[in-house]
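User: Hi! Could you walk me through this structure, pockets and all?
Analyst: Happy to, let's bring it up.
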Amino acid sequence: MSNIGENIKRIRKQKKHSQKQLAEKLRTTPQNLAQYENGKRIPKIETLQKIANALDVPLYELRGFDGSIRVNPNPERERLDTEAEKLIKRQASGESLTKEEQKKIADYIERTKESFSRLHESVKSIKNTIEELGESNLLSDYRKLNISGKEEAKKRVNELTELPRYTKKDEKETNTAEFSKELTPEKDYLLPNAAHERTDIEVTEKMKKHDDAFFDEPL
């Protein structure tokens, strides 16, 4: 995924804006904008939204979404993919392929994997952006409050953190709880009570008694 500064610079040039022109739209200096583009400073989410508005692009484009899986891929990529898909059908029908044709299929698989990997990263970026925007809006509303309002807001937020319904669960605790639900009294011998116990066979009552007797024997 591209660097945010590189994205700002690339999109600015695509829009045919000079640094000075974009800086004027943002009501900042060209020097400040240059620092963002060079990666010397990372813009806050509020600033990034202003830059996106000034460039007339969605915020996620500045965050690195590059349309990994496109509705209209470039013609050469589309041609290669179509050819590879036909080769896959031929191979599935039992037809033998040359090494060159097999390589085209392998290349197609790698391109597809790479596209899905980029899409996954892009979705994560969009999700983070949405969360940050929510936090930014919350902070913006908080700053509008007077001293009494801010104290009341902090008290309300603190009260919410005491209610399980509104707080995030620890991932480890969640996984443990889900695993526990799957264990019924009849299945509790699936737990690793005995180092030698196998879980690929049914554990009989006789086997359970043997294990209990073994561990009850004095050392």
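Analyst: One bit of vocabulary before the pockets: Ala, Val, Leu, Ile, Met, Phe, Trp, Tyr, Cys and Pro count as nonpolar, Asp, Glu, Lys and Arg as charged, and the others, Gly among them, as polar. Also keep in mind that this is a predicted model.
User: Thanks! With those classes, what is the make-up of the lining of the second largest pocket?
Analyst: That lining has 5 nonpolar and 3 charged residues, and no polar ones. The residues are Glu135, Leu138, Leu139, Asp141, Tyr142, Ala153, Lys154 and Val157.
User: What volume does the second largest pocket have?
Analyst: The volume of the second largest pocket is about 220 Å³.
User: And which helices supply at least two residues each of its lining?
Analyst: Those are helix H7 (99-143) and helix H8 (147-161). H7 gives the largest share, with 5 residues.
User: Switching to closed spaces: how many cavities of 30 Å³ or more are there?
Analyst: The count is 1 cavity of 30 Å³ or more. The largest cavity has a volume of about 30 Å³.
User: Which residues line the largest cavity?
Analyst: Its lining consists of Asn3, Ile4, Gly5, Tyr36, Gly39, Arg41, Ile42 and Pro43. By class, that gives 4 nonpolar, 3 polar and 1 charged residues.
User: OK, zooming out. How many helices and strands does the chain have?
Analyst: The chain has 10 helices and 0 strands, so reading from the N terminus the elements go α-α-α-α-α-α-α-α-α-α.
User: What share of the residues is buried?
Analyst: Of the 219 residues in the chain, 21% are buried. The accessible surface comes to about 17400 Å², and carbon and sulfur atoms account for 53% of that surface.
User: And contacts along the sequence: what part comes from residues 24 or more positions apart?
Analyst: Taking contacts with a separation of 6 or more, 52% are between residues 24 or more positions apart.
User: Now I'd like one helix in detail. Which residues of H2 are buried?
Analyst: H2 covers residues 19-26, and its buried residues are Leu22, Ala23 and Leu26. Down the axis of H2 the buried residues fall within an arc of 100°, so they line one face of the helix.
User: Why would residues with that kind of spacing point the same way?
Analyst: An α-helix has 3.6 residues a turn, so residues three or four places apart point the same way.
User: Which residues are exposed on the other side of H2?
Analyst: Lys20 and Glu24 are exposed there.
User: And what covers the buried residues of H2?
Analyst: The cover includes helix H1 (4-14), helix H3 (30-37) and helix H4 (45-55).
User: What about the backbone, which residue with a positive phi follows H2?
Analyst: That is Arg27, with phi near 60°. Arg27 has this positive value although it is not a glycine. Most residues other than glycine have a negative phi.
User: Where is Arg27 placed, and is Arg27 buried or exposed?
Analyst: Arg27 lies in the loop between H2 and H3. Arg27 counts as exposed, because its relative accessibility is 80% and the cut-off for exposed is over 50%.
User: What is the phi of Lys16?
Analyst: Lys16, also a residue other than glycine, has a positive phi near 60°. Lys16 is in the loop between H1 and H2, and it is exposed at a relative accessible area of 73%.
User: Great, that's what I needed!

Definitions and conventions: Residues are numbered from 1 along each chain as its sequence is written. This is a predicted model: local features need pLDDT of at least 70, side-chain atom pairs count only at pLDDT 80 or more; totals for chains, interfaces and linings use all residues. Side-chain values use heavy atoms; hydrogens and water are left out. Buried means under 20% relative accessible area, exposed over 50%, partly exposed in between (1.4 Å probe, protein chains only). Helices (H or I, at least four residues) and strands (E, at least two) are DSSP runs, numbered from the N terminus. The arc is that of the directions from the helix axis to the C-beta atoms. Contact means heavy atoms within 4.5 Å. On a 1 Å grid over the protein atoms alone, a cavity is a set of points where a 1.4 Å probe fits but cannot get out, and a pocket is an open set with protein on both sides within 12 Å along at least five of seven lines; lining residues have an atom within 4 Å of a point. Grid points are joined across faces, edges and corners, and a volume is the space filled by probe spheres set on the points. Accessible areas come from the Shrake-Rupley method with a 1.4 Å probe; for residues, only the protein chains shown count as cover.
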